[in-house]
2 protein chains.
Amino acid sequence: MDIEQFRKAGYQAIDRICDYYISLRDMPVTSQVEPGYLRKLLPASAPTAGEDFQLIADDYQKFILPGLTHWQHPSFFAYFPAACAFESILGELYASSTTNPGFNWSVSPACTELEAVVMDWIAQILGLDKSFYNTTEVGGGVIQATACDAALVATVAARLRYIREHPQVPMEKLILYITTQTHSLGKKAGLVLGLKVRVLQVTAEDEFALRGETLEVALKEDVDAGLHPFILIATVGTTSSGAVDRLDEIADIVKIYPFLWLHVDAAWAGVALVCPEYREACQLPAINSYTDSFCTNFHKWGLIHFDGSCFWVRHRRYLTDALDVTPEYLRSKHGDAGTAIDYRNWNLNLSRRFRSLKFWFVLRSRGTVGFQKHITDCIKLNDQFAQGIRESDQFSFVAKPFLALTVFRLAPKSLSYLTTPELNALNRIFHARLAARNDIAVTQTELNGVFCVRMAIGAERTVEKDIDRALTVIGEEGKVALMEWKRMQAEVGLCFVP
Amino acid sequence: MDIEQFRKAGYQAIDRICDYYISLRDMPVTSQVEPGYLRKLLPASAPTAGEDFQLIADDYQKFILPGLTHWQHPSFFAYFPAACAFESILGELYASSTTNPGFNWSVSPACTELEAVVMDWIAQILGLDKSFYNTTEVGGGVIQATACDAALVATVAARLRYIREHPQVPMEKLILYITTQTHSLGKKAGLVLGLKVRVLQVTAEDEFALRGETLEVALKEDVDAGLHPFILIATVGTTSSGAVDRLDEIADIVKIYPFLWLHVDAAWAGVALVCPEYREACQLPAINSYTDSFCTNFHKWGLIHFDGSCFWVRHRRYLTDALDVTPEYLRSKHGDAGTAIDYRNWNLNLSRRFRSLKFWFVLRSRGTVGFQKHITDCIKLNDQFAQGIRESDQFSFVAKPFLALTVFRLAPKSLSYLTTPELNALNRIFHARLAARNDIAVTQTELNGVFCVRMAIGAERTVEKDIDRALTVIGEEGKVALMEWKRMQAEVGLCFVP
């Protein structure tokens, strides 16, 4: 493909992306293909001779697009959002055009420098303490691929800090702390690193947040048993319910156990810190005073398309001491002199994508005010949705709505005598009905034995009428699910339901 | 930014990328900025109000581009290439426009399905054994971000397999084997996982390749000492010299130690397997018969822009057993039924980029023949370069040129009495002179105490005249370096050089 062919195909790609967004609202949200659909459509081997790019571009429309679930669709409320601004797509386009692996400062200075600057900008707009800024040359921020990577890297750094102070402790005695509500990244870090994981319990009464006392009891037990808890992965905005661990209480415990690294995973909720009115609810004061590392994914709610997970540490040397390998072929004048950040020593990989460009584009194009508006607009839409649930006779909250997340279940007031297993069975039918539709996407979850449905708002094109429609669809499916469940109950003669 | 603003900015981006490639040859290869250059140019905070995108796009040209080293430049010969086809940029553009995290089959079936198909296509064109194909449902291929990730994941899978058979072995007794020539990914995997690493020696006489005997002696020593070697990361095409570990010999040893996982890192050289004539030199028969996992980075020499590291395993269940965490909110109909691959259980992260699209675009647009031509063109250019070195009185090879890599040093025939330290000092001057230029990029390395210079060819726009020019520049700098060194020697009176 020569330059003029690229220009033509590039214009067409831009036009087709515009067409995609023009028609997005009218498309199904979820793909309805079956496993194996694509292998049947494609040849078993790569072609021997090259093919015309127009054919390939057309095949993308024909074969790939129908197999995608549209995370930007205004009725996509599943998982957490993957909101993607046009400016972010442009940032990625420019970055990919000069592709370089950015592992050292010297191999492409702008990549490292822009990342360092942008991470400080973001720390500022989120209200993070200055000790996290790159300008301190002590703490600092780095863009990771995902919150999984961030948690893994934090755990590796924490392990180094702990082992330095306790050199005789075998790996088998180290324990990583998470809660039942921690994202799967916690267990995965344990699996990858081969470490023991202790899962702390939380209760519905505490709104699924980790309390200081629970942590304290566990620490005492484990230390008494000769074990060595060395990191707690706490969460601000859990996946299942948006819970915020009580970092204020946890901080008091960390003071007594100073070798316990406190990593705060705010993958979803962290971007809401851009709005000062949510900072207290997100425990910013404790984050700023006590955490060793903090992570939030701008590729979720933050308008940056995947990947772009922002990760800050209070002391960068634990990262670099834990991860630095510098063979001769990676040495450079500036690296040797220590005059520049070499981000390869801040993450698992050597090579790195130029991710900061899309952040720079979005932050400048929107400004802080525009970014705040995106967040508050979504929260208003969630308030609208939660109000609909609150006013309904059919549904109830399973957790308090938080930011742009509502977790609820079908629990008709007229059937208040139903047990949890019965309600769970009913809600599995309800969720299955929603999942079978292709005009709305929500996710199931489970909170301490209660099966429930998550509604997460965040796509940039979602507006009030989409929420009204979601409430209507959910209400209708709730009614049908209830009838279906009653019929099943009657059939098996388990109980008589009027 | 609305759709029409995106169209306008998108067209402009495409045009500016075309302009970039039109003028690339006339640009400096390496950036000449100093550490901190960008922070001085940018405001200390994100703007409060949004800015016009035209201003932002112009600032990219003004502030970012001059800070980039141009890996696509025809005179970029440093590290390994990061060759990037236009079709790959287009693949990334389409993929970023529908951004989705692709962690499950169900969240975007096309992402998983295309990856499974494309990895089989690639396995085929490289001549990999069918047991690595996804269609076997036993082995399979997955796209990782980097060879570091691939090695880390292989090590985690290997550890699981070993521990299952030897459940009483503590982590402290496990050892990961690499050689002095293994890429830094080997040591990094050890650091991250907290595992002992044994670095096996290789010799210049063996062309820096690991021999079976060396492995055998180490295994015997370690096993006798009560240690548990569980994985060897072998290399096809080492970074420093392009060495190919003797997998044929290694295979004989692996037969005696069946719990030693053999991971082959062919990050750079692996793509050359697309040409049948290089398969034997790259030890394909042994790869196909004995390796547990194999990795090659198409984002190096393979025309796919970063990131796109292809990784195959013979038994996928070791990956999925080692890495699967499935909380309720990640459950899906197809995942539960086991009817589809959930790639999140094949790598470290949960969410994943839609990387297969750019592979599909490039493989189809070039065809196997076009891809082979890219590889053989580069090898011919390296033959041309190596011939220039061979015919010169100034330079000598430090390792046998391999594929598109030549490792050499300044070693004037007239000064054949110089010792290694003297030659190293001379070559440090020589390399520093080359590094100070911005019209060519090469990298330093060290091979068993010998300081040398690497010339790696692979940028798509490099042609014969660029190699001629490189030889001229290198010849001139060699002469000046020699004069400089002689002057220094005379000044300190260390020796008299005629």
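Here are some exercises with worked solutions on this predicted model.

**Exercise 1. Sizing up the interface**

Work out how much area chain A and chain B bury between them, and which residues give the most on the side of chain A.

*Solution.*
- Start with the area: chain A and chain B bury about 12800 Å² between them, and 65% of that is on carbon and sulfur atoms.
- Now look for the top three on chain A: A:Tyr94, A:Tyr329 and A:Arg364 supply 7% of the area that chain A buries against chain B, more than any other three residues.
- Next, count who takes part: the contact draws in 146 residues from chain A and 146 residues from chain B.
- Then turn to polar links: there are 10 salt bridges between the two chains. In one of them, the side chains of A:Arg364 and B:Asp59 meet at 2.8 Å, N to O.
- Widen the net to polar contacts, and 56 residue pairs turn up across the interface of chain A and chain B.
- Finish with the helix that gives the most to the side of chain A that touches chain B: helix 1 (residues 3–23) of chain A, with 16 residues.

**Exercise 2. Classifying a ring pair**

Take the rings of A:Phe361 and B:Phe53 and decide whether they are stacked, tilted or edge-to-face.

*Solution.*
- Check the distance: the ring centres are 5.3 Å apart, and the cut-off for a pair is 6.5 Å.
- Check the angle: the planes stand at 90°, and anything over 60 degrees counts as edge-to-face. So this pair is edge-to-face.
- Place the partners: A:Phe361 is in helix 13 (residues 356–391) of chain A and B:Phe53 is in helix 3 (residues 53–64) of chain B, so the pair crosses between chains.
- Look at exposure: A:Phe361 is buried at 0% relative accessibility, and B:Phe53 is buried at 9%.
- Step back to the whole structure, which holds 49 aromatic pairs over all chains. Ring pairs also link A:Phe53, A:Tyr60, B:Tyr94, B:Trp360 and B:Phe361 into a cluster.

**Exercise 3. A charge over a ring**

Find which ring face A:Arg317 lies over, and which one B:Arg454 lies over.

*Solution.*
- In chain A, A:Arg317 sits over the face of A:Tyr318, 4.5 Å from the ring centre.
- In chain B, B:Arg454 sits over the face of B:Phe80, 4.7 Å from the ring centre.

**Exercise 4. Far in sequence**

Find how far apart A:Phe354 and A:Ala95 are in sequence and in space.

*Solution.*
- Locate A:Phe354 in the loop between helix 12 (333–337) and helix 13 of chain A.
- Compare the two distances: 259 residues separate A:Phe354 and A:Ala95 in sequence, yet their C-alpha atoms are 6.0 Å apart.
- Ask whether A:Phe354 is buried or exposed. At 8% relative accessibility, it's buried.
- List some contacts beyond its sequence neighbours within four places: among them are A:Ala95, A:Cys111, B:Ile64 and B:Leu68.

**Exercise 5. A buried aspartate**

Identify what the side chain of A:Asp292 pairs with.

*Solution.*
- Find A:Asp292 in the loop between helix 10 (284–290) and strand 6 (293–297) of chain A.
- Test for burial: its relative accessible area is 11%, and the cut-off for buried is under 20%, so A:Asp292 is buried.
- Pick out the side-chain partner: a polar contact of 3.1 Å joins A:Asp292 to the side chain of A:Arg161.
- Then check the backbone: the nitrogen of A:Leu262 lies 2.8 Å from a polar atom of the A:Asp292 side chain.

How values were computed:
Residues are numbered from 1 along each chain as its sequence is written. Chains are lettered from A and ligands numbered from 1 in the order in which they are written. This is a predicted model: local features need pLDDT of at least 70, side-chain atom pairs count only at pLDDT 80 or more; totals for chains, interfaces and linings use all residues. Side-chain values use heavy atoms; hydrogens and water are left out. Rings of Phe, Tyr and Trp (its six-membered ring) pair if their centres lie within 6.5 Å; planes under 30 degrees apart count as stacked, over 60 as edge-to-face and the rest as tilted. Helices (H or I, at least four residues) and strands (E, at least two) are DSSP runs, numbered from the N terminus. Buried means under 20% relative accessible area, exposed over 50%, partly exposed in between (1.4 Å probe, protein chains only). A charge sits over a ring if NZ of Lys or CZ of Arg is within 6 Å of the ring centre and within 35 degrees of the ring normal. Contact means heavy atoms within 4.5 Å. Buried area is the accessible area (1.4 Å probe) that two parts lose on being put together, summed over both. A salt bridge is a side-chain nitrogen of Lys or Arg within 4 Å of a carboxyl oxygen of Asp or Glu. A polar contact is a pair of N or O atoms within 3.5 Å; within protein, one must be able to donate a hydrogen and the other to accept it, and residues adjacent in sequence count only if both atoms are side-chain atoms.
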